[in-house]
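Here is a set of exercises to work through with the model open beside you. Try each task on your own, then compare your steps with the solution.

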Amino acid sequence: MAQTPLIDVTDLRKYFPIRKGLLRRTVGNVHAVDGVTFSINAGETLGLVGESGCGKSTVGRVVLRLIEPTSGDIKVTGRSIVNLGRDEMRPLRRQMQIVFQDPFSSLNPRMRAGDIVGEPLKVHGVGDPKDREARVAALFARVGLRAAQMRSFPHQFSGGQRQRVSIARALALDPGFIVADEPVSALDVSIQAQVINLLMDLQREMNLSYLFISHNLAVVEHISHRVAVMYLGRIVEYADKKTLFASPQHPYTEALLAAVPLPDPTLKRTKHRVDGDVPSPIKPPPGCHFHPRCRYAEARCKVEAPVLKTIAPGHEVACHLR
Amino acid sequence: MSTTVSTDGPITPSAMSDLWYMIRRYPLGVAGAIIMSLFVLAAIFADYLAPLDPFSTNARASLARPNDVYLMGADMMGRDVFSRLIHGARISLAVALGATLIGSGVGAAVGLACGYIGGWFDLIVQRVTEVMQALPLLVMALVITASLGPSLRNTIIAIAIPLIPTVARVIRSNVLSLREMPYVEAAKATGMSEFRIAVIHVMPNTLAPLIVLATAQLGSTILTEASLSFLGLGVPEPYPSWGRMLSESAAEYVRTAPWLVIFPGLVISLVVFGSNLLGDALRDALDPRQRG
């Protein structure tokens, strides 16, 4: 890769300390993100998939420094941002925005939609009030809302419309990168498609990059260029979309793909069921995090943690057996 | 969202139709507002409204039954109960509004600070409020007035301080949940300062519990003032306060001159009732979600 990636994350870790007792001593850590490395180029979508609780949302928030990383590095267009102070971070915040999962709690119920979308402009002192209003109106039009709806309150919108408001807010500062944290998981299937298509249109027009976090493989397959599969704080497989869906190499990816419901009742599927639950991220299993549930696990998997290794150009897998 | 949701956004109605809308939407709230404004007017224009001098005594009218001169009867010293109630509105409303505003205001500020700053600050303030809550409101008010001396100002302070911990705790827990809301995170992602987030996104959303608490406490402040006055630590004689009019006569005259108990009691109940009605309506009216 000759070009500098827009977002370059190296060995990112986030441990949440568990404190107990009067003195609030740290008695353990939740290993939410445990050494994650990826990069996203301009105009590209990286899909981040995994079960709930695997740390994918934490990754999204840490990349934007809404949560401080425990260790690791985040570079935006080649510049490390992990040690920047508040004021140094501010101009960078214009380039990186987020869209949340829950369309109900992601908009302040007491603010009008127009003010919500215009707020980032206000924070960064863009234009005068009249100018801002015109920009907000243009953003509303861009995400498929009517300018008259600027005066409405969030509760007057449907779920899909609220998500459009959220997207408009994220676009207000003309960012290059948006973390989309399960942006369609709370919507009806028919509305999901509309919002996904909107996101893809915007990407084409504005050369946006997305970190698209989801547990829905069908959606990820549709929108992503590359996909990273996360399991218990680690990326276990990282490949471009076609490769990943055509020939998954990690046993976990294999099982995930096998679990996707197919819209054809006559098709018989080979069942690679994964038994049991995700182990606790407080005490992740030694070695490969997946070994207690892996049907191929060997003695080595219980001791030694596999690292991501390239098995084909652009296809990385963290498994001893590949 | 059962009725038709206007997607065009509310068209700014004229002031008149706005008022009419409020009356139709919150009839009880309007009733509460009328009750409260009557008392406020009585307090302001007491000098013109009271038919008799509230301080002048008349030995012959001692414990007079309600008649055409003494509309609500007279007390032991022959002072007109009706006039005293009108003048008492000044003191009682000053104490109730003053104490509630100070108590809720300071409490909300403390709660917001605790929820926002957290850490050691929060830990220490929380322990202090727990100690304060362990003491009954009246006992604490007693100690404060006893040390400050009885006067209107000190009564207000004495009643306001014990209100602070309750309000602070409610607001703090509210703030703790609000600051985890995604819209607060979204504001952080735009680079908004913590202070602005607290003022724009967190504070307005604590309004609903604050109004409910404040209006509920308005009633109890009047009663606390009554108890303090009864113990000689509230507003000093001869100034008429509803609380003292009620509590002094309740002990002695409930059988012989019940009008000394009934009328102050009625007035206090009416104000408490009115403030609760107004508070409930206010909470709804200030919430855009309730406006359809």
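The exercises below go from confidence to helix packing, strands and the chain contact.

This is a predicted model, in which local features need pLDDT of at least 70, side-chain atom pairs count only at pLDDT 80 or more, and totals for chains, interfaces and linings use all residues. Residues are numbered from 1 along each chain as its sequence is written, while chains are lettered from A and ligands numbered from 1 in the order in which they are written.

**Exercise 1. Confidence**

Find which element of chain B has the lowest mean pLDDT and which the highest.

*Solution.* Start with the scale: pLDDT is the predictor's confidence in each residue, from 0 to 100. Chain B averages 83, and 93% of the residues score at least 70. Next, go through its elements, where helices (H or I, at least four residues) and strands (E, at least two) are DSSP runs, numbered from the N terminus. Helix H1 (residues 15-25) of chain B has the lowest mean, 74, and H8(B) the highest, 91. Finally, look at residues 1-13 of chain B, where pLDDT stays under 50. Where pLDDT is low, the predicted coordinates should not be read in detail. For the model as a whole, ipTM is 0.85 and pTM is 0.81.

**Exercise 2. Two helix crossings**

Work out how H4(B) and H6(B) are each oriented against H10(B).

*Solution.* Axes are lines fitted to C-alpha atoms, for helices over the stretch in contact, and angles run from 0 to 180 degrees between N-to-C directions. Angles under 35 degrees count as roughly parallel, over 145 as roughly antiparallel, 65 to 115 as roughly perpendicular and the rest as oblique.

1. The axes of H4(B) (residues 81-117) and H10(B) (residues 207-230) come within 8 Å and cross at roughly 135°. H4(B) is therefore oblique to H10(B).
2. For H6(B) (residues 137-148) and H10(B), the axes come within 10 Å and cross at roughly 55°. H6(B) is therefore oblique to H10(B).
3. Now list the contacts (C-beta atoms, placed from the backbone, within 7 Å). Leu137(B), Leu138(B), Ala141(B) and Thr145(B) of H6(B) meet Thr224(B), Ser227(B) and Leu228(B) of H10(B).

**Exercise 3. Strands in chain A**

Which strands form the edges of the open sheet in chain A?

*Solution.* Two strands pair if DSSP finds at least two bridges between them. With that rule, eight strands line up as E6-E7-E8-E3-E9-E10-E12-E11 in chain A, with mixed pairing. The edges are E6 (96-99) and E11 (309-312) of chain A, each pairing on one side only. At one of these edges, E11(A) pairs with E12(A) (residues 315-317) in the antiparallel sense over three bridges, and Ala312(A) stands opposite His315(A).

For a further pairing, take E4(A) (residues 71-76) and E5(A) (residues 79-80), which run antiparallel and are joined by two bridges. They form a hairpin with two residues between them, and Thr77(A) in the turn has a positive phi of about 40°.

**Exercise 4. The chain contact**

How many residues does each chain bring to the contact?

*Solution.* Chain A gives 28 residues and chain B gives 22. On the chain B side, the largest share, six residues, comes from H8(B) (residues 182-189). Sorted by class, that side has eleven nonpolar, seven polar and four charged residues. Here Ala, Val, Leu, Ile, Met, Phe, Trp, Tyr, Cys and Pro count as nonpolar, Asp, Glu, Lys and Arg as charged, and the others, Gly among them, as polar.

Methods. Two residues are in contact if their C-beta atoms, placed from the backbone, lie within 7 Å.
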